[in-house]
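This report describes the aromatic pairs, nonpolar cores and enclosed space of the model shown below.

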Amino acid sequence: MPDAAETPRSADDAVARGRSRRVGLSAKLLMLTVSFVMVSEILIFVPSIANFRNNWLGDKLRTAGVAAAVLAESDVISPSLQTRLLHATGSDAIALNDGPTRRLIAMGAMPPMVDDVVNMSAMDASTAILEAFDTLMNGAHRTIRIVGEAEMGMSGSIEIVMSEAPLRTAMLGFSVRILGLSLVISIITASLVYISLRWLFVRPLQRLSANMADFGEMPEDASRVISPSGRTDEIGEAEERLATMQATLGQTLHQQRRLADLGLAVSKINHDLRNLLASAQLFLERLETSSDPLAARLAPKIVSTLDRAVGYTRAVLAYGRAQEAPPARRLVHLARIVDDVGQVLGLVEHETIAWENQVSGEMEIYADPEQIFRVLMNICRNSVQALQGEGDPAVVKRLWVAAEREETVVTIRVADTGPGVPPAARANLFRAFQSSVRPGGTGLGLAIAAELVRAHGGEIALEDVGPGACFRIILPERSSELTRSRSVPNGGRKTEPEALNSSDESAVVLRQG
């Protein structure tokens with residue numbers, strides 16, 4: 001029994017042998033070119049051989065006709081003259097047929113029985129071709145009678161009886177010459193066509209194939225991306241598209257490798273950080289029993305914050321195995337969640353940033369409170385960082401959260417008076433590691449927020465409604481209710497951008513799914 005390690009190698013060898021036995025594109029191109037040229041030559045040969053037969057027979061008739069016209073006035077033709085005339089025409093007998101009168105001009109020995117009659121006056125193209133091939137196939141031992149018009153103004157017709165073998169021999173010689181000429185033309189034409197097609201198509205395809213094989217060995221190596229030749233035809237377009245695809249694929253693989261390394265490092269750090277947070281929780285539990293009023297008031301908030309931090313560490317460790325957990329929906333007060341966000345970010349008593357919670361205390365939403373907290377937390381943190389980057393004290397720094405309900409759909413807006421989102425960052429605004437506009441940022445905040453909103457069946461968008469940035473979050477009570485809420489009174493349906501804000505044409509929207 002063969003070793004298991006040798007089996008893949010044997011399979012690879014078999015594939016390699018199969019490839020080596022395959023006929024390449026160049027060989028196929030050469031064979032097809034030669035074949036097509038030969039077919040063209042055959043199509044030329046068919047009428048040529050028929051025309052050669054007609055000319056050969058016509059020459060014999062004209063020679064006999066001229067002689068018959070000269071000798072027709074003589075009553076007696078000497079045997080020697082008849083012999084020379086028969087030899088010149090290659091015939092056995094010559095006769096002049098003038099209506100009811102038929103006169104024998106020359107005859108040697110008694111001619112054999114006539115096997116076929118060739119009437120040159122009634123010869124058309126199809127008949128000439130068929131009779132030409134009949135002569136080549138069966139004319140070796142036949143005797144034919146050839147009938148044609150008389151020459152030199154004489155009325156009637158001239159007839160000659162002769163063997164068909166000389167005609168067949170002449171036709172075979174002509175065929176050999178045509179075949180040789182056709183071979184020369186075929187070789188020259190096929191070589192020129194082959195060289196042209198190989199230069200135009202085969203070599204560029206071989207270059208593409210070789211580059212793809214080389215790129216496949218190490219797709220992250222940017223030097224292996226194909227360099228377009230600058231051609232303006234389909235091959236040049238294929239090279240440009242391949243170069244774009246290879247560059248994109250290389251960047252994607254490089255990014256995925258970095259993300260994998262980052263995930264491993266984060267997992268290690270996260271493991272130790274969770275232990276530290278657990279220790280901090282133990283210390284805070286002692287502060288809860290302290291007699292200090294400030295400590296008693298702040299300790300529960302710090303414990304709650306640490307609980308969230310521990311939950312985040314668990315989510316980080318689980319992220320590599322699955323996506324975010326499905327939302328555990330509850331009926332919650334949105335205003336309290338917004339208050340928690342402001343307290344965690346230190347906005348309640350912030351020195352430079354004005355914090356406004358414009359959500360009504362009666363606003364209730366059916367959502368996962370922890371996930372909604374994370375959504376608002378990530379968006380507000382970005383706004384705080386943007387506002388803190390403004391050094392001019394005259395600049396207004398304000399951050400607020402508002403919400404409104406329309407039937408079963410809640411719209412939440414988080415707005416600030418910061419510098420806004422640059423146009424260059426909007427294309428990848430909700431994509432991880434690509435949407436950050438702050439030096440040192442990762443762009444994970446908006447990506448996480450978008451994923452959590454999608455999990456609720458909602459949508460998140462960037463609105464251009466004033467100074468700064470304004471993020472709009474749409475949360476339905478059920479994922480299907482967002483679609484129903486888009487219905488218009490006349491029974492039609494708005495498009496998705498219209499459903500979000502019909503006047504907001506420049507919004508960057510991340511839609512569900």
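F52 is buried, with a relative accessible area of 19%, where buried means under 20% relative accessible area, exposed over 50% and partly exposed in between (1.4 Å probe, protein chains only). This is a predicted model, in which local features need pLDDT of at least 70 and side-chain atom pairs count only at pLDDT 80 or more, whereas totals for chains, interfaces and linings use all residues. Residues are numbered from 1 along each chain as its sequence is written, and side-chain values use heavy atoms, with hydrogens and water left out.

**Aromatic pairs**

Rings of Phe, Tyr and Trp (for Trp, the six-membered ring) pair if their centres lie within 6.5 Å; planes under 30 degrees apart count as stacked, over 60 as edge-to-face and the rest as tilted. By this rule the structure has 2 aromatic pairs. In one of them, the ring centres of F52 and F174 are 4.6 Å apart and the planes stand at 10°, so the pair is stacked. Because F52 belongs to helix α2 (residues 25–71) and F174 to helix α5 (residues 165–217), this pair ties together parts that are 122 residues apart in sequence. Helices (H or I, at least four residues) and strands (E, at least two) are DSSP runs, numbered from the N terminus. F174 is buried too, with a relative accessible area of 16%.

F430 and F471 form an edge-to-face pair, with 6.5 Å from centre to centre and 80° between the planes. F430 lies in the loop between β10 and α10 and F471 in strand β12, so the contact ties together parts 41 residues apart in sequence. Both rings belong to buried residues: relative accessibility is 11% for F430 and 5% for F471.

| Aromatic pair | Centre to centre | Angle between planes | Class |
|---|---|---|---|
| F52 and F174 | 4.6 Å | 10° | stacked |
| F430 and F471 | 6.5 Å | 80° | edge-to-face |

**Nonpolar cores**

A nonpolar core is a set of buried Ala, Val, Leu, Ile, Met, Phe, Trp, Tyr and Cys residues joined through side-chain atoms within 4.5 Å. The largest one has 44 residues, of which L334, L376, I379, L399, I412 and I473 touch the most other members. The elements that give two or more residues to this core are α8 (334–344), β8, α9 (369–388), β9 (398–406), β10 (409–416), α10 (444–455), β11 (459–463) and β12. Helix α9 gives the most, with 9 residues. A second, separate core holds 32 residues, among them F52, L57, I94 and L167.

I412 sits in strand β10 and counts as buried, at 1% relative accessibility. Contact here means heavy atoms within 4.5 Å. With neighbours within four places in sequence left aside, I412 is in contact with L334, L376, V401, A402, A403, F471, R472, I473 and L475. I412 and F471 are 59 residues apart in sequence, and their C-alpha atoms are 8.1 Å apart in space.

For L399, with the same neighbours within four places excluded, the contacts include L347, I353, W355, C380, S383, L387, V414 and D416. S383, found in helix α9, counts as buried at 4% relative accessibility. Beyond four places in sequence, S383 is in contact with L399 and D416.

**The cavity**

On a 1 Å grid over the protein atoms alone, a cavity is a set of points where a 1.4 Å probe fits but cannot get out, and lining residues have an atom within 4 Å of a point. Grid points are joined across faces, edges and corners, and a volume is the space filled by probe spheres set on the points. The structure holds 1 cavity of 30 Å³ or more, and the largest cavity encloses about 50 Å³. Its lining is made up of R329, I365, Y366, A367, V410, H456, L475, P476 and E477. Strands β8 (364–367) and β12 (470–476) are the elements that give two or more residues to this lining, and β8 provides the largest share, 3 residues.

**Loop residue E407 and the whole chain**

E407 is placed in the loop between β9 and β10 and is exposed, with a relative accessible area of 68%. Although not a glycine, E407 has a positive phi of about 60°. Most residues other than glycine have a negative phi.

The protein chain has 12 helices and 13 strands. Of its 513 residues, 34% count as buried. Among contacts with a separation of 6 or more in the protein chain, 67% are between residues 24 or more positions apart.

How values were computed:
On a 1 Å grid over the protein atoms alone, a cavity is a set of points where a 1.4 Å probe fits but cannot get out, and a pocket is an open set with protein on both sides within 12 Å along at least five of seven lines; lining residues have an atom within 4 Å of a point.
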